[in-house]
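Here is a friendly briefing to read alongside the structure. Keep the viewer open, and follow the topics in whatever order suits you.

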Amino acid sequence: MDGTVTSLVVTGIGLLVTNDADLGTGPLGELRDAALVVDGSDIAWVGAARAAPAADEAFDVAGACVVPGFVDSHAHLVFAGDRADEFAARMSGAPYTAGGISSTVTATRAAADELLAAHAGWLLAEMRRGGTTTTEIKSGYGLTVRDEARTLAIARGLTSETTFLGAHVVPAEYASRPDDYVRLVCGDMLSACAPYAKWVDVFCDRGAFDVDQARAVLEAGMRHGLRPRLHASQLAAGGGVQLGVEIGAASVDHCTHLTDPDITALAGSTTVATLLPGAEFSTRSPYPDARRLLAAGATVALATDCNPGSSYTTSMTFCIALAVREMRMTPAEALWSATAGGARALQRSDIGVLRQGARADLVALRTPSYVHLAYRPGVDLVAAVWRAGRLVG
Ligand code: NIG
Ligand code: FE
């Protein structure tokens with residue numbers, strides 16, 4: 001079976017995770033011995049196998065677990081070069097700093113559009129094979145009007161979830177006048193990039209932008225119709241989380257160094273705390289305190305942060321395993337955060353859930369349970385991936 005289907009019934013589902021508590025048991029809405037019908041790009045029916053309606057085609061997953069496609073709500077895929085030497089130095093004790101971004105900026109500025117697009121496309125294909133059916137892609141390695149606009153245009157060719165991150169770091173040529181760079185980001189750069197972007201982001205942290213600069217960037221983006229999200233408190237606690245909550249950001253990402261007021265603010269808001277454990281793994285840093293966030297009632301998402309500096313992985317299943325082993329999330333919490341949590345972080349209700357009317361984004365695992373995503377780390381457990389009803393992996 002291949003290409004576009006008219007209707008398809010997925011049969012033999014030993015365990016179906018719907019993420020809709022009304023459809024099954026527990027917070028994941030789990031259904032045993034289930035079937036699911038796809039019609040075109042959407043889900044037409046979900047329920048008990050014995051009650052499944054007929055469809056044009058059938059695909060038997062032989063007792064496997066089926067979960068919603070992973071939603072990777074934070075990735076930096078458009079760049080050139082790599083920083084393997086920087087990683088190796090870190091593993092020998094060197095610290096991670098925001099300054100490493102500049103070497104990727106140099107390589108990206110020098111790269112042709114075709115190379116950048118091909119490389120981002122390979123990373124996206126890697127994601128699809130791994131079960132990721134929605135990917136957010138940021139700019140942030142161009143840092144000139146031209147290079148931010150062209151990298152965002154490339155991102156727009158790959159996803160509708162595009163994010164303008166001109167305020168990633170202050171580039172070397174503006175080192176002595178960072179406020180001039182913020183003015184450029186809020187002015188000509190934003191005007192050139194807004195047509196390709198849905199979101200505006202800023203790296204509000206030590207060595208990057210302070211709270212006032214971050215507010216200026218996010219508010220300028222909002223005036224251009226972009227929705228705010230931000231990187232904050234990855235390297236040090238600061239005011240970025242509170243800023244994000246105050247302006248109604250869809251998510252605050254990293255959240256590695258949170259204060260009690262940060263947690264209270266997130267828990268009392270609709271702003272999602274997006275945790276990126278691949279970054280702590282790859283920078284050998286302490287992991288965020290997911291349990292404190294969950295106990296307070298905050299919404300937690302998991303994403304890869306795929307980028308050449310702090311987290312060069314496209315694997316959501318690796319991030320799930322890290323979240324369970326290192327951040328003490330339960331396998332169920334980690335799976336929810338990697339699917340429905342990511343959908344919340346992107347303010348999407350059509351993905352991250354398997355119910356009638358949702359987009360048919362689903363992953364058949366080779367295993368009877370989603371617990372294996374953490375229990376069998378580093379193993380390819382993805383048997384089949386459908387995105388918008390099409391078999392893509
Ligand atoms: O999300 N924190 C800021 N940006 C990226 C790292 C980028 C890099 O080191 O190239 C991140 O971790
Ligand atoms: Fe990031």
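## A strand covered on both faces

Strand S14 (residues 272–275) is covered on both faces, with Val272 and Thr274 buried on one side and Ala273 and Leu275 buried on the other. Keep in mind that this is a predicted model. The bullets below start with what surrounds S14, then move to the whole chain, the helices, the loops and the ligand.

**Around S14**

- Strand S13 (residues 251–254) runs parallel to S14, and three bridges join the two.
- One of the pairings to look up is that of Ser251, whose bridge partner in S14 is Val272.
- Leu266 sits in helix H8 (residues 260–267), and among its contacts beyond four places in sequence is Ala273.
- The other residues that Leu266 touches, with the same neighbours left aside, are Val241, Val245, Thr271, Leu293 and Ala298.
- Leu266 has 26 other C-beta atoms within 10 Å, and a residue counts as buried at 20 or more, so Leu266 is buried.
- The C-alpha atoms of Leu266 and Thr283 are separated by 25 Å, although the two residues are 17 apart along the chain.

**The chain as a whole**

- The protein chain has 13 helices and 18 strands.
- Its radius of gyration is 21 Å, close to the 21 Å that the globule rule gives for 393 residues, so the protein chain is as compact as a globular protein of that length.
- The C-alpha trace spans about 70 × 45 × 45 Å along its principal axes.
- Of the 393 residues in the protein chain, 57% are buried.
- Among contacts with a separation of 6 or more, 71% are between residues 24 or more positions apart.

**Helices, buried and open**

- Helix H2 (residues 101–110) has Ile101, Thr104, Val105 and Thr108 as its buried residues.
- These four cover an arc of only 105° around the axis, which puts them on the same side of H2.
- An α-helix has 3.6 residues a turn, so residues three or four places apart point the same way.
- The partners that the buried residues of H2 pack against are helix H3 (113–129) and helix H4 (145–156).
- How many of the eight residues of helix H1 (residues 84–91) are buried? The number is zero, so H1 lies largely in the open.
- Gly93 follows H1 and has a positive phi, near 115°.
- Leu218 belongs to helix H6 (residues 211–223), and with 26 other C-beta atoms within 10 Å, Leu218 is buried.
- Apart from its neighbours within four places in sequence, Leu218 is in contact with Val200, Val202, Pro228, Leu230 and Ile247.
- Leu218 and Leu15 are 203 residues apart in sequence, and their C-alpha atoms are 42 Å apart in space.

**Hairpin and loops**

- S2 and S3 run antiparallel, joined by six bridges.
- Leu36 stands opposite Val46 in S3.
- The hairpin of S2 and S3 has two residues between the strands, and Gly40 takes a positive phi near 65° there.
- Is Arg50, in the loop between strand S3 (42–48) and strand S4 (57–60), buried or exposed? Arg50 has 8 other C-beta atoms within 10 Å and the limit for exposed is 12 or fewer, so Arg50 is exposed.
- Measuring C-alpha to C-alpha in the model, Arg50 and Leu115 are 50 Å apart in space and 65 residues apart in sequence.
- Most residues other than glycine have a negative phi.
- Asn19 has a positive phi near 65° without being a glycine, and is found in the loop between strand S1 (7–17) and strand S2 (30–39).
- With 24 C-beta neighbours inside 10 Å, Asn19 counts as buried.
- Gln347 is not a glycine either, yet has a positive phi of about 55°.
- The loop that holds Gln347 lies between helix H12 (331–345) and strand S16 (362–365), and with 16 C-beta neighbours inside 10 Å, Gln347 counts as partly exposed.

**Ligand 1**

- Ligand 1 is surrounded by 13 residues, and the closest are Ile101, Phe203, Asn307, Gly309 and Ser310.
- Ile101 also appears among the buried residues of H2.
- Which classes make up the shell around ligand 1? The shell has four nonpolar, eight polar and one charged residues.

Conventions: Residues numbered from 1 in each chain as written. Chains lettered and ligands numbered in written order. Predicted model: local features only at pLDDT ≥ 70, side-chain atom pairs only at ≥ 80, totals over all residues. Near = placed C-beta within 6 Å. Nonpolar A, V, L, I, M, F, W, Y, C, P; charged D, E, K, R; others polar. Rg over C-alpha atoms; globule rule 2.2 N^0.38 Å. Contact = placed C-beta atoms within 7 Å. Arc of directions from axis to C-beta. Pairing = 2+ DSSP bridges.
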